[in-house]
Every structure is written in C-alpha cells, then in structure tokens.
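Reader: I'm happy at the bench but a bit lost in front of a 3D model. Could you walk me through reading one, feature by feature?

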Amino acid sequence: MNNDRESALITGRFLDRLLFNLSDAVMITGRDTTIIRVNRAFEELFGWRQAELAQMNYSSYVFVPESLRHESEMIYRNMLESGKVSNIISRRVCKNGTEVDVSISFSNIDDGQGQLIGMIAIYRDITDSKVKEMKMEESRQRYMSLFEHNPDAVFATDSEGRFQSFNRKTLDIAGYSIEELEGMPFHSFIHPDDLPRAIEGFGKAMAGSVQTEELRIADRRRSGIYLYMSITSLPIYVNGEIEGVYGIAQNISHLKQASMELEESNERYKSLFDHHPDAVFTIDLEGRFQTFNDNTIEVTGYSREELQNLPFAPVIHPEDLSRVNEHFEKAIRGDVQKYELRAIRKGDTDYSVISVTNIPIYIDGEVRGVYGIAKVITELKRAREELMQSAERHRQLVEIIPDPLIVIAADKLQYINRAGVECLGLDKETDVRNYTFIDLVHPDSWGEARMVIDTIQVTGEFKGSKELIFRRKDGTPFYAEISGIRLEDHTSPGSLMIFRDITKRKKTEETIQFLAYHDSLTSLPNRVRFHQLVESGNQENRCGGMVFLDLDRFKIINDTLGHRTGDFLLQEVSRRLRQMVGGIFSRLGGDEFTGYFPNADRESMKQIVAEMNLLLSRPYRIEGHELSVSSSIGISLYPNDSKEVDILLQQADTALYEAKKNGGNGYAFYKAKQKV
C-alpha cells in the first residue's frame with residue numbers, strides 16, 4: 001500500500017510539473033464541469049487565476065462568445081459521445097472581455113473502470129496563424145484584383161509558351177473562350193512577320209530577362225485585322241526556378257494610328273508649304289528667314305542660299321519698314337496680323353504691293369517664330385483703286401437697301417445708310433463719325449460685338465448671322481441679326497456690316513417658348529413643366545405633398561353662365577393658388593389643377609389644404625355675378641406613397657375621387673389599399 005501511494009504521489013507530481021510547463025493552456029474539470037485545475041499557460045492566455053476559477057462551472061459560458069454557444073454545446077455533446085474531440089478551431093473570451101482565436105482539444109477522464117470522472121481541455125493560441133492566414137489571403141486577393149481588374153491583358157504561360165491563366169481583358173482581345181484559350185500556344189496569335197521577334201523575346205524571358213516588344217496580334221473578330229500591342233514578358237520564378245512567363249499586353253493601336261496620322265499630317269503640311277500658290281515662309285524671333293517655299297524665292301528674287309537667315313528688312317520699302325516691324329512685334333506677342341506692304345524684288349527697281357498674313361508659331365505654348373503668307377496684289381491693288389472710283393455709284397445703290405448697313409474703320413462709324421438712320425433713330429444731320437460701333441450696341445452684347453469685328457478682320461467675313469442687342473439713340477434696346485465682310489483700303493482695314501431688326505420675331509419666339517411649358521389660359525406651368533419643377537426639387541427635398549384638385553359645381557357655372565365666365569373663374573382660381581406660399585401649381589385641363597408642396601409632411605398638408613379650401617371658397621365677382629365654389633382635393637405623399645411624379649399624381653387623383661364620394665368640399669389622403 002505504501003508503495004502504491006508513493007507511486008501515485010510521484011505520478012501526480014510528474015503530471016503536475018508536466019501540466020505546469022506545457023506551452024498550451026490546459027483546464028481540468030470534474031464530471032459536473034466544475035473547474036478543478038488550470039496551468040500557468042491558461043492563466044497567461046485568458047487572464048484568469050487558479051484561485052478565481054476555483055469552483056467555477058465551465059458550462060456557465062463565461063469563456064464562450066455568445067455567438068458561439070451553440071457550437072460549444074455541440075462540441076460538448078460530441079465529446080461525451082466519443083470521449084474525445086481534437087483541434088476544433090474556435091474563439092474564447094478572456095477575462096478582460098477580448099476574444100482570442102484558439103485550437104481546442106477535449107478528452108474525457110475516467111476512473112480506470114470506464115466511469116467518467118472529469119474532462120481535460122487543451123487550448124492552443126493560433127492568433128499569429130490567423131493573422132498570417134489573413135495576410136496571405138489579403139495578398140492573394142490583391143494579386144487577383146491586380147490580375148483580374150488590370151485594364152491591360154495579363155496572362156501566364158508555361159515554359160512551352162502555352163496559356164495557363166489569363167484575365168478577362170486577355171479573353172476580350174483574343175476573342176476566345178476560357179476553354180479554347182487554355183493551353184493554346186501564344187505564337188498562334190502573332191503576325192507572321194513579327195513571329196521571330198516574339199519567339200526570341202520569349203526565349204530571353206525564360207532565360208531570366210524582362211522583355212518589351214511591339215507586336216501585331218490577330219483580331220479574331222475581324223478577319224485580316226491586326227492590333228498593335230506593347231507586350232512585356234517577365235520570368236515566373238518558383239523555388240528559384242523559371243517555370244514560365246508572365247505577359248502584360250497593352251493595346252497601342254490608337255497610338256500607332258495617331259503616329260501614322262501625325263506623319264500624314266506632316267506630309268500634308270509639307271505639301272501645303274511647298275506647293276502653296278503664294279509665298280510661304282517662317283521667320284525666327286530676330287526677323288530672319290528660316291524656311292520658305294519656291295514661290296518665296298520667286299517673289300524676293302534671292303537664291304535659296306542668299307535667303308537663308310536673311311533679315312526681312314532688305315526686301316521692304318523703307319517707308320513701310322517701321323509699320324511692318326510693328327506688325328512683326330505683335331505677331332511674336334501672339335496676335336495674328338494681316339497687312340499690306342511694298343516690297344522690291346532683288347535686281348528690280350519697281351516695288352510690288354504684297355498682302356502679308358503673319359501667324360505666330362507656338363511650340364510648347366511659347367511663340368518661337370512667325371509664319372508668313374505673302375501674295376503679290378499689285379494688280380489687285382490697281383483694280384481696287386479703280387473700284388473706289390465707282391464708290392459713289394455704289395453708295396447710291398446701298399442707300400436703297402431696306403436693311404441697315406454700316407461701314408466701320410479704325411473702330412469708327414464711317415458710313416450708315418438711310419435704313420440704318422431710321423432704325424437707330426439718328427438725326428439726318430448727325431455726324432456718324434462721332435459714333436463707334438460699340439456706341440450702337442447694348443452693353444450686354446459688347447463682347448459678342450467685338451468678336452464679330454475681330455472675326456471679320458481675321459477671316460475676312462462673318463458668315464451666317466449673329467444675334468446682338470443694339471440700342472437706339474434714345475437708349476431703347478432691340479434685337480438684330482448681323483453679318484459682315486472686311487473692307488480694305490490703303491489706310492486701314494474696315495468692315496461692312498448689315499443688320500436686321502428681329503425684335504418682333506424674338507418676342508414671338510419667347511411667346512412660343514412660354515406656351516410650350518405653360519397653360520395658355522392661366523399661365524400656370526403645364527404638365528411637362530410641372531414634372532420638371534417637381535423632379536428637380538425632389539433631388540434636394542426629404543418629403544413633399546402632391547395635391548390633385550377640381551372645383552365643385554364648376555360644370556354648372558360653365559353651362560349656365562357660359563365658357564367666358566368659366567374661363568374668368570379659372571383665371572381667378574389660378575391667381576388665388578399662386579398666393580399659397582411654397583406651392584408649385586399646374587393646370588391639367590378643365591377645372592383640374594395639381595400642386596406640389598416641397599418639404600411638407602402629412603400634418604403640414606392638413607393645414608395647407610385647409611387653408612387652400614378656405615382661400616378658394618371665398619366668393620368670386622365675375623362679370624357682375626357673385627359666384628361661390630368649393631374644391632375637392634386628393635393628397636399623396638412623397639416618398640411615403642411613391643417617389644415617382646406620375647405615380648404620385650395618379651395616387652392623388654385616386655384620393656380626389658374618395659374626397660368627392662364624401663360629398664366634396666374637403667380632402668382625402670391616398671391609402672395604399674386604394675386602386676390607382
């Protein structure tokens with residue numbers, strides 16, 4: 001007996017020491033789940049001390065999160081039935097209320113004769129493992145997101161170049177299904193002329209080198225069409241060995257197209273430059289010729305070598321040089337210039353008249369030089385002078401034109417015909433030269449008026465017509481359409497403009513526009529405009545009330561006193577409805593009106609319709625008759641009943657009929673059980 005007790009003592013101490021030194025948390029309970037013993041690892045993991053747990057019952061769920069109690073019960077039943085449960089992944093509650101991820105194993109303790117006397121539970125902290133799993137899963141999801149949602153085609157091939165995985169963009173470009181593309185060799189898509197480079201690049205990637213190639217890829221959906229793709233190939237390393245190749249393919253067909261279009265544009269520019277019928281040239285910021293076509297050589301008389309880097313001054317008449325320099329300075333400040341000058345061809349003594357256009361050359365947003373287009377207009381100049389000699393005859397013709405006509409030069413009014421004098425209310429004796437064009441224009445149209453003049457001076461004309469607001473001498477504004485052309489003489493360019501008074505037409509258009517969205521009888525918004533107003537308001541309102549009303553006894557008044565009296569009554573009702581603050585009203589037709597009150601709830605609507613009924617029931621004095629009418633009103637609520645304007649109107653109409661069934665002169669709210 002002594003030996004048995006000594007052996008049991010030794011065994012107990014050994015188990016005690018083993019329990020104390022285990023890294024996993026251990027809890028021992030009795031048959032009734034009363035906690036008997038926990039080790040130090042248990043105390044450190046959960047924060048409970050042995051003394052605090054003494055006589056505490058494990059089945060009290062103090063360790064189990066509320067959401068996992070059903071799981072704990074199931075584990076306990078399985079343990080009782082089988083005697084053992086291993087490595088259950090779950091969570092348990094610490095003393096401070098925090099939860100910890102654990103792996104749990106349970107085992108029964110018997111008395112050696114099969115009788116259950118207790119239970120041992122072992123908890124292993126797996127928080128670090130969970131964190132690692134989450135990070136691995138997050139990393140996997142990031143990779144998959146980059147792979148699947150990449151705007152470019154992303155794919156992976158094996159060492160033989162067969163597709164293994166790919167994203168949706170790859171399928172879109174390839175034009176194959178997942179089943180068709182999987183295992184297909186990449187070279188089956190490559191243009192035959194690009195295939196050697198593609199195979200060479202793949203071999204270099206398999207050797208560990210990152211490769212980028214521009215290749216043509218067949219567009220399966222369009223026979224004979226190839227897409228230009230920029231493809232980057234990267235080796236796939238697995239355990240230090242290259243197992244295949246990642247590919248990232250970007251469709252650069254639009255860039256290639258743009259490049260070809262740019263090249264074509266350059267060719268067009270060169271063709272226009274070289275074959276232009278006038279002299280075309282470029283001048284640097286110092287005023288020296290840089291590039292020029294053959295016609296420039298013909299106009300100046302200099303050889304190509306002589307003209308290169310030659311300042312423009314030697315070809316200009318000395319009396320014109322100062323003015324030309326001013327135009328050149330304006331051009332290099334960014335202003336397009338159009339002017340005439342006298343130039344002499346090398347070896348000649350007579351000067352020619354040249355019309356020159358200077359256009360700034362912009363590079364990276366800065367003026368780096370000036371384009372020049374020069375046309376010899378000596379004969380044209382002579383013809384113009386002859387034309388000026390017949391100006392008086394033309395003036396007589398212009399005077400009988402029914403539309404106002406004006407001529408402007410140097411921003412001053414040079415001429416206005418008889419129709420213009422009458423339209424603007426000027427005195428015949430008024431000196432028109434005291435006026436500028438802007439003096440004739442209303443301030444609201446000054447910017448547009450300046451644009452018209454500038455357009456005429458730059459392009460030579462203003463096509464079509466432009467609506468401006470003019471003003472008569474007494475300040476009265478009126479609308480007019482204007483068009484014009486540029487006039488040129490030896491002093492300064494001018495503009496000839498014709499305008500037409502369109503005030504009556506504008507008023508007609510405004511009336512038509514108003515009638516398109518309003519009731520012609522009451523001027524209230526019509527159904528279309530009412531919808532627009534309500535829908536735009538509901539984007540900002542949290543609630544609102546829709547009303548549908550008609551007038552009780554209106555038909556009797558209309559039939560007995562006539563439609564004229566009925567119309568006057570409807571107009572007076574409309575005026576009273578407008579007095580309802582915050583309401584939007586519309587007349588649908590007859591005596592039917594709709595209204596909407598933003599931000600009004602059920603209680604507010606009760607007060608509103610009560611006020612509305614009171615307002616509409618006051619007597620009306622119309623053509624010697626004192627009339628009394630009442631109104632029946634149906635109400636629906638936004639958004640409780642509906643968020644759609646049409647449905648709200650139908651619901652309010654349904655409620656209106658309910659109000660009429662109740663005898664009229666009242667209101668009713670829409671009820672969901674009512675049929676619309």
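Author: Let's start with one residue, serine 233, which sits in strand E9. Keep in mind that this is a predicted model.

Reader: Is serine 233 buried or exposed?

Author: The general idea is a cut-off: under 20% relative accessible area is called buried. Serine 233 has 14% relative accessibility, so it counts as buried.

Reader: Which residues does serine 233 touch, leaving out those up to four places away in sequence?

Author: The contacts of serine 233 are Ala205, Ser209, Val210, Gln211, Val245 and Tyr246.

Reader: OK, and how do I read the sheet around E9?

Author: In general, the strands of a sheet pair through backbone hydrogen bonds, and the pairing is either parallel or antiparallel. Here, five strands make an open sheet, ordered E7-E6-E10-E9-E8, and the pairing is antiparallel. At the edges are strand E7 (163-166) and strand E8 (211-218), each with pairing on one side only. On average, neighbouring strands of this sheet are turned by 30° against each other, ignoring direction.

Reader: How many bridges pair E6 with E10?

Author: Six bridges, in the antiparallel sense, between strand E6 (residues 153-158) and strand E10 (residues 241-251). For one residue pair, look at alanine 156: its bridge partner in E10 is tyrosine 246. That tyrosine is also among the residues that serine 233 touches.

Reader: Which helices pack on this sheet?

Author: H8 does, touching E6, E8, strand E9 (226-238) and E10, and its direction makes about 140° with that of E8. Helix H9 (residues 253-275) packs on the sheet as well, with contacts to E8, E9 and E10 and a direction about 135° from that of E9.

Reader: What about loops? Where does glutamate 182 lie?

Author: Glutamate 182 is in the loop between helix H7 (178-181) and helix H8 (195-206). With loops, compare the separation in sequence with the distance in space. Glutamate 182 and phenylalanine 163 are 19 residues apart in sequence, with 5.3 Å between their C-alpha atoms. Leaving out residues up to four places away in sequence, glutamate 182 touches Phe163, Gln164 and Phe166.

Reader: Now show me a sheet with mixed pairing.

Author: Look at the open five-stranded sheet with the order E22-E23-E21-E26-E27. Its edge strands are strand E22 (584-589) and strand E27 (666-669), each pairing on one side only. Neighbouring strands here are turned by 20° against each other on average, direction ignored. Strand E26 (residues 630-638) and E27 run parallel, joined by four bridges, and isoleucine 633 has tyrosine 667 as its bridge partner in E27. E22 and E23, on the other hand, pair in the antiparallel sense over five bridges.

Reader: What links E22 to E23?

Author: They form a hairpin with two residues between them, and glycine 590 in the turn has a positive phi of about 55°. Within this pair, arginine 587 stands opposite phenylalanine 593 in E23.

Reader: Last one: which residues make a nonpolar patch on the surface?

Author: Val336, Ile359 and Val458 do, with about 220 Å² of accessible area together. Valine 458 belongs to helix H16 (residues 446-459). Exposed means over 50% relative accessible area, and valine 458 counts as exposed because its relative accessibility is 53%.

Notes:
Residues are numbered from 1 along each chain as its sequence is written. This is a predicted model: local features need pLDDT of at least 70, side-chain atom pairs count only at pLDDT 80 or more; totals for chains, interfaces and linings use all residues. Side-chain values use heavy atoms; hydrogens and water are left out. Patches are made of residues with over 30% relative accessible area and no salt bridge: like charges are joined within 9 Å, nonpolar side chains (Val, Leu, Ile, Met, Phe, Trp, Tyr) within 5 Å. Accessible areas come from the Shrake-Rupley method with a 1.4 Å probe; for residues, only the protein chains shown count as cover. A salt bridge is a side-chain nitrogen of Lys or Arg within 4 Å of a carboxyl oxygen of Asp or Glu. Buried means under 20% relative accessible area, exposed over 50%, partly exposed in between (1.4 Å probe, protein chains only). Contact means heavy atoms within 4.5 Å. Two strands pair if DSSP finds at least two bridges between them. Axes are lines fitted to C-alpha atoms, for helices over the stretch in contact, and angles run from 0 to 180 degrees between N-to-C directions.
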